[in-house]
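Biologist: I am new to this structure and would be grateful for a close look at a single part of it. Please set that part within the whole chain before turning to the details.

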Amino acid sequence: MGKDTIADILTAIRNADMARKRVVRIRFTTINESIVKILLREGFIENVRKHQENNKSLLVLTLRYRRNRNEPYIITRKILNLKRISRPGLRIYSNYQRIPRILGGMGIVILSTSRGIMTDREARLERIGGECLCYIW
């Protein structure tokens, strides 16, 4: 784990999704908690709980999978794409009019605004821009 905690959680979720793991454990920070709450609210993950282990706080995520209709006992992976946009070496900012739409609104952009971390739809409704943290579709 490096200093970019957002990239760390996106990579952990992406790797667990590709390996068909159901549970992911990530380090607890307030930014990570806000991003995970957005993922939970948007339906990309199934459950989140906070866990204390050896004086370290962790977030335990349960990934969402869909079952194949033809074979009910085989779990197929949900296609989950996560892309880090703004990073410590290159910050990407956008006003509310120029926030990108991912797949015509099917995906989400997570923004860090002056009113907290929110999705692109919420930022457009409140007419505020911010730093584009990541794309999820």
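Modeller: The protein chain has three helices and ten strands, and the model that shows them is a predicted one. Read from the N terminus, the order of the elements is α-β-α-β-β-β-β-β-β-β-β-α-β. Of the 137 residues in the chain, 39% count as buried. Among contacts with a separation of 6 or more, 57% are between residues 24 or more positions apart. The chain exposes about 8,600 Å², and carbon and sulfur atoms supply 49% of that area.

The part chosen for the close look is helix 2, together with what surrounds it. Helix 2 covers residues 30-42, which makes 13 residues. At 1.5 Å a residue it should span 18 Å, and its end C-alpha atoms are indeed 18 Å apart, so the expected and the modelled lengths agree. The buried residues of helix 2 are Asn32, Ile35, Val36, Ile38 and Leu39. Viewed down the helix axis, these buried residues fall within an arc of 155 degrees, and therefore they line one face of the helix. The general background is that an α-helix has 3.6 residues a turn, so residues three or four places apart point the same way. Just after helix 2 comes Gly43, which takes a positive phi of about 90 degrees.

Two residues of that buried face, Asn32 and Ile35, are touched by Ile9, which also touches Ile26 when residues up to four places away in sequence are not counted. Ile9 belongs to helix 1, residues 5-18. Its relative accessibility is 2%, and because buried means under 20%, Ile9 counts as buried. Ile9 and Phe28 are 19 residues apart in sequence, while their C-alpha atoms are 9.9 Å apart in space.

Another residue of helix 2, Leu39, is in contact with Ile136. Leaving aside neighbours within four places in sequence, the contacts of Ile136 also include Phe44, Leu80, Asn81, Leu82, Gly107, Ile108 and Ile110.

Ile136 and Ile110 are the residues with the most contacts inside the largest nonpolar core, which has 24 residues. Helix 2 supplies at least two residues of this core, as do helix 1, strand 1, strand 3, strand 8 (108-113) and strand 10 (130-136). Helix 1 gives the most, with five residues. There is also a second, separate core of ten residues, which includes Leu111, Met118, Ala123 and Ile128. As a general background to such cores, nonpolar side chains in soluble globular proteins tend to be buried together.

The strands that share this setting remain to be described. Strand 3 comprises residues 56-63; six of its eight residues are buried, so the strand is largely enclosed by the rest of the structure. Strand 1 (residues 23-27) pairs with strand 3 in the antiparallel sense over five bridges, and Val24 has Leu61 of strand 3 as its bridge partner. Strand 2 (residues 45-53) also pairs with strand 3 in the antiparallel sense, over eight bridges. Glu53 stands opposite Lys56 of strand 3. Strand 2 and strand 3 form a hairpin with two residues between them, and in its turn Asn54 has a positive phi of about 50 degrees.

Conventions. Residues numbered from 1 in each chain as written. Predicted model: local features only at pLDDT ≥ 70, side-chain atom pairs only at ≥ 80, totals over all residues. Heavy atoms only, no water. Helix = DSSP H or I, 4+ residues; strand = E, 2+ residues; numbered from the N terminus. Expected span 1.5 Å × (residues − 1). Buried < 20%, exposed > 50% of the residue type's maximum accessible area, 1.4 Å probe, protein only. Arc of directions from axis to C-beta. Pairing = 2+ DSSP bridges. Contact = heavy atoms within 4.5 Å. Core = buried A, V, L, I, M, F, W, Y, C linked by side-chain atoms within 4.5 Å. Areas by Shrake-Rupley, 256 points an atom, 1.4 Å probe, with all protein chains shown as cover.
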